[in-house]
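Dear colleague,

Please find the structure below, handed over for your consideration. My notes on what was found in it follow.

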Amino acid sequence: MATAIAKPLLSDLVAESGTVPSSHIRPVGDRPDLADVDHESGAGIPLIDLKHLDGPERRRVVEAIGSACETDGFFMVTNHGIPEAVVEGMLRVAKEFFHLPESERLKCYSDDPKKAIRLSTSFNVRTEKVSNWRDFLRLHCYPLQSFIDQWPSNPPAFREVVGAYSTEARALALRLLEAISESLGLERRHMVTAMGGHAQHMAVNYYPPCPQPELTYGLPGHKDPNAVTLLLQDGVSGLQVQRGGRWVAVNPVPNALVINIGDQLQALSNDRYKSVLHRVIVNSESERISVPTFYCPSPDAVVAPAEALVDGSHPLAYRPFTYQEYYEEFWNMGLESASCLDRFRPMD
Ligand code: OGA
Ligand code: NI
């Protein structure tokens, strides 16, 4: 009997088999209940217009951001300043990349989470029991000059287009971190300073169409380990956010980005702002592309709650830790474990 040729990437595996392989089937009881989801009209999370963030109405926009961070952990932004052509270019090369021949894509393949540039599948195939319905390209992108020469050079426009997007995404992340600091009553530069030399990672997620979406996840419920995530998604729905114990669909809004608080901002804000569970559901009709920018502290940065947010009724929620320590814990624990943050509570 001929042995099946191993297909490291899901897109190639599914192109060949056309079914959900047993490696990707969740046990009963651990499957998405697709009927039990809130499909609210509109975004499902607050929609904030950033047009007036840098003008006389700044206070009002900052308050809207603060209240979204406190109650939802998620919001969408319009007039975010990233030019439409840059956004469109990013989505276009992302799609072109995942449509390259298998042999070309496999040049970037690695299952080592420590690699700064890699194409992989699922979440962490070295540790997880069931795989997720996703291929992804991960790129470190700040400082850009340290990494861009290692990025894929095919499609030919990849480096230029993705470099432009990641530079714009960083500028927006910094503006948001300033607004978030102010919304907490802190110095405008508080979060920017607290994150040391900074780092920026990008994932280009590719979710192929799935013949039976009720059996698997694009990504199971998880919280992002970084400080703030800026998510660009194409026109296909799939992201869902937990609110009041229910899953709420976050449907794409044209020209908007989804912003969410990650574990580091929860720690830095001493639990005032919440890193919220979210997941990705796949569908049988269309592929889906999303591009999260994970803005984070540099590995050596010591993360500690802002002193001004610690008092008698808000005791210190976390011991100081380095981001490197946190990040390694996150990748080792697996996506679905209890919150990684709980491992960093103060020792008494
Ligand atoms: C992630 C994530 C959401 C999406 O990559 O951490 O939550 O819509 N992605 O792909
Ligand atoms: Ni996420």
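**Surroundings of ligand 1**

Sorted by class, the residues in the shell around ligand 1 comprise seven nonpolar, four polar and two charged ones. Please bear in mind that this is a predicted model. The shell holds 13 residues, of which Tyr 207, His 222, His 278, Arg 288 and Ser 290 are the closest to ligand 1.

Ligand 1 occupies the largest cavity. Four elements each give two or more residues to its shell: strand E6 (199-207), strand E7 (219-222), strand E12 (278-280) and strand E13 (288-296). Of these, E13 gives the most, with four residues.

Several polar side chains approach the oxygen atoms of ligand 1. A polar side-chain atom of His 222 is found 3.0 Å from an oxygen atom of the ligand. For Asn 205, the distance between an N or O atom of the side chain and an oxygen atom of ligand 1 is 3.3 Å. The side chain of Asp 224 likewise has an N or O atom 3.3 Å from an oxygen atom of ligand 1. On its own, ligand 1 has 290 Å² of accessible area, and the protein covers 94% of this.

**The nickel site**

Which residues coordinate the nickel ion (ligand 2)? The donors are His 222 (NE2), Asp 224 (OD) and His 278 (NE2), at 2.1 Å. Along the chain, these donors follow the spacing H-x1-D-x53-H. Asp 224 is located in the loop between E7 and strand E8 (228-233), whereas His 278 belongs to strand E12, so this pair ties together parts of the chain that are 54 residues apart in sequence. His 222 thus appears in both settings: it coordinates the nickel ion, and it has a polar side-chain atom 3.0 Å from an oxygen atom of ligand 1.

**Backbone features**

Most peptide bonds are trans, and most residues other than glycine have a negative phi. Against that background, three places in the backbone deserve a remark.

The peptide bond between Tyr 142 and Pro 143 is cis, with omega at about -5 degrees. Pro 143 is situated in the loop between strand E5 (135-142) and helix H5 (144-147). A cis bond also leads from Asn 154 to Pro 155, where omega is near 0 degrees. Pro 155 falls in the loop between H5 and helix H6 (158-183).

Finally, Asn 79 is not a glycine, yet its phi is positive, at about 50 degrees. This residue lies in the loop that separates strand E3 (74-78) from helix H3 (84-98).

With kind regards

Conventions: Residues are numbered from 1 along each chain as its sequence is written. Chains are lettered from A and ligands numbered from 1 in the order in which they are written. This is a predicted model: local features need pLDDT of at least 70, side-chain atom pairs count only at pLDDT 80 or more; totals for chains, interfaces and linings use all residues. Side-chain values use heavy atoms; hydrogens and water are left out. A residue is near a molecule or strand if one of its heavy atoms lies within 4 Å of it. A polar contact is a pair of N or O atoms within 3.5 Å; within protein, one must be able to donate a hydrogen and the other to accept it, and residues adjacent in sequence count only if both atoms are side-chain atoms. Accessible areas come from the Shrake-Rupley method with a 1.4 Å probe; for residues, only the protein chains shown count as cover. On a 1 Å grid over the protein atoms alone, a cavity is a set of points where a 1.4 Å probe fits but cannot get out, and a pocket is an open set with protein on both sides within 12 Å along at least five of seven lines; lining residues have an atom within 4 Å of a point. A molecule sits in a cavity or pocket if more than half of its atoms lie within 2 Å of its grid points. Ala, Val, Leu, Ile, Met, Phe, Trp, Tyr, Cys and Pro count as nonpolar, Asp, Glu, Lys and Arg as charged, and the others, Gly among them, as polar. Donors are N, O and S atoms within 2.8 Å of the metal (3.2 Å for Na, K and Ca); water is not among the atoms, so sites may look incomplete.
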